[in-house]
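Below is a walk through one protein chain, from its overall dimensions to the arrangement of one sheet and the helices that cover it.

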Amino acid sequence: MRSIVRLSAWALVVSAACVAWGETPEVNKAVQEPAAVTLKKGDRVAIVGDSITEQKLYSRYMEDYFAACAPQLDLWCVQLGWGGETAAGFLGRMDVDLLSFKPSVVTTCYGMNDGGYGPYRDGTGASYERAMRMLIEKTKASGARIVAGTPGAVDTRYYGRGGAGAADIYNVTLEKLGQIDRKLAGELGVGFADVHAPMMSAMTAAKAKFGADFDVCGRDGVHPQADGHLVMAYALLKGLGLDGNLGTITLDMAGKAEATDGHKVVATEPGSAEIESARYPFCFTGDEKSSSGTRSILPFVPFNAELNRLTLVVKNLKAEKAKVTWGAESKEFARAELEKGINLAAEFPENPFSDAFKKVDAAVAAKQAFETTMVKQCFHDPALTGRMISDDPEAAAAAKTVLAKLQAKQDTLAKAVREAVVPVKHKIVVAAE
């Protein structure tokens, strides 16, 4: 109920801001539904966007998820963020920076720079729609599936351009650009991810709990820290059709156990089971009040419930309660909860996968850092792109070889990510209270 009240309050702010500009808030008109995009085994995923993408946080969390939580899909991934970019700006580098990788799935997140950092204007919307339409159509023509992500949000405490009320005004602009993304997704039959709405909802709820100074969209008002980027990753992962079921472990107190979806039982005793898992739950960082970590935002975004479910079911428990020990942590649950199933990933933030997950994240971070250098400094170096050597076939051929070697290096780093995901053995103990 509190969330509904907060969202209603935000709607009133939006309406008041629109009236102040002499506009009426848009009413959702009948539009075609966006297409459902579902990842397939072996997909090549490209994550495209502006400086927020180039921060390599939400893109890193997405690739962490692909590698550790969905290894059965064997996905290849590249991050292609470019600071200060607009959707129209990306069109100028699309052939080299995107299509040369031959992606089969592309996610976009533009609009933050496209909106002009001020009140919404029809010309701004028309320019954004034109650029996004061209981007989507060209991506489709290459054979790739695309998920059009909306822009995120600006922080209601820290966004200061334009003086008082600037954040409210610009968040309405970003919402309207997101409506354009949704309209295009339905019209052109592609996927859609609403990044703006969950960021606004999480920001409203988090500030209500932690105070106005708690940032969700960054201390500069635009570039989120880890907490806001987790919300962005959630929205785009949902847009890619991931269902969040990471497997079920069923423990019979009589001494039997079963496991599904990348987990296998190694040994059992009455009330305990040792499991070997090739599939990890997503693990979080930081403390419960820090915007620089991902754990603080979890109460305000359904990441665990919708994307991160590793379920423990306990059968034949005679007592009304039991203590569950997983790794170094223990927690008490009612019998009814255990019979229905508890989400280990949500109940045990520190768990036997935490250290292994950090190693995967480190490998992803190294790969994505190289990708930024490769794309921004090498792919557009005149000495390599041929603009300075077009009259020298031998030099042009050598430059082509260098670019191919850069992509080979990226593939090597991608392999290192996959190899970082090693099976984890862990023990679950259920003790009747």
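Among the contacts in the chain with a separation of 6 or more, what percentage is accounted for by residues 24 or more positions apart? In this predicted model, the share is 76%.

The overall dimensions come next. A compact globule of 433 residues would have a radius of gyration near 22 Å, and the chain has 23 Å, so the two agree. Along the principal axes, the C-alpha atoms fill a box of roughly 75 × 65 × 40 Å. Of the 433 residues, 52% are buried. The accessible surface is about 18600 Å², and carbon and sulfur atoms contribute 53% of that area.

The secondary structure consists of 15 helices and 14 strands. Of these strands, 5 form an open sheet with parallel pairing, in the order β2-β1-β3-β4-β5. At its edges are β2 (76-81) and β5 (191-193), each of which pairs on one side only. On average, neighbouring strands of this sheet are turned by 20° against each other, direction ignored.

The pairing at one end of that order can be followed in detail. Strand β1, covering residues 44-49, runs parallel to β2 and is joined to it by 6 bridges. One residue pair to locate is Ala-46 and its bridge partner in β2, Val-78.

Helices lie across the sheet strands as well. Helix α6 (residues 122-141) lies across β3 (105-109) and β4 (145-149), and its direction makes an angle of about 160° with β4. Helix α9 (residues 226-239) lies across β3, β4 and β5, running at about 160° to β5. Strands β3 and β4 are thus crossed by both α6 and α9.

Conventions: Residues are numbered from 1 along each chain as its sequence is written. This is a predicted model: local features need pLDDT of at least 70, side-chain atom pairs count only at pLDDT 80 or more; totals for chains, interfaces and linings use all residues. Side-chain values use heavy atoms; hydrogens and water are left out. Two strands pair if DSSP finds at least two bridges between them. Helices (H or I, at least four residues) and strands (E, at least two) are DSSP runs, numbered from the N terminus. Axes are lines fitted to C-alpha atoms, for helices over the stretch in contact, and angles run from 0 to 180 degrees between N-to-C directions. Contact means heavy atoms within 4.5 Å. The radius of gyration is taken over C-alpha atoms; the globule rule is 2.2 Å times the number of residues to the power 0.38. Buried means under 20% relative accessible area, exposed over 50%, partly exposed in between (1.4 Å probe, protein chains only). Accessible areas come from the Shrake-Rupley method with a 1.4 Å probe; for residues, only the protein chains shown count as cover.
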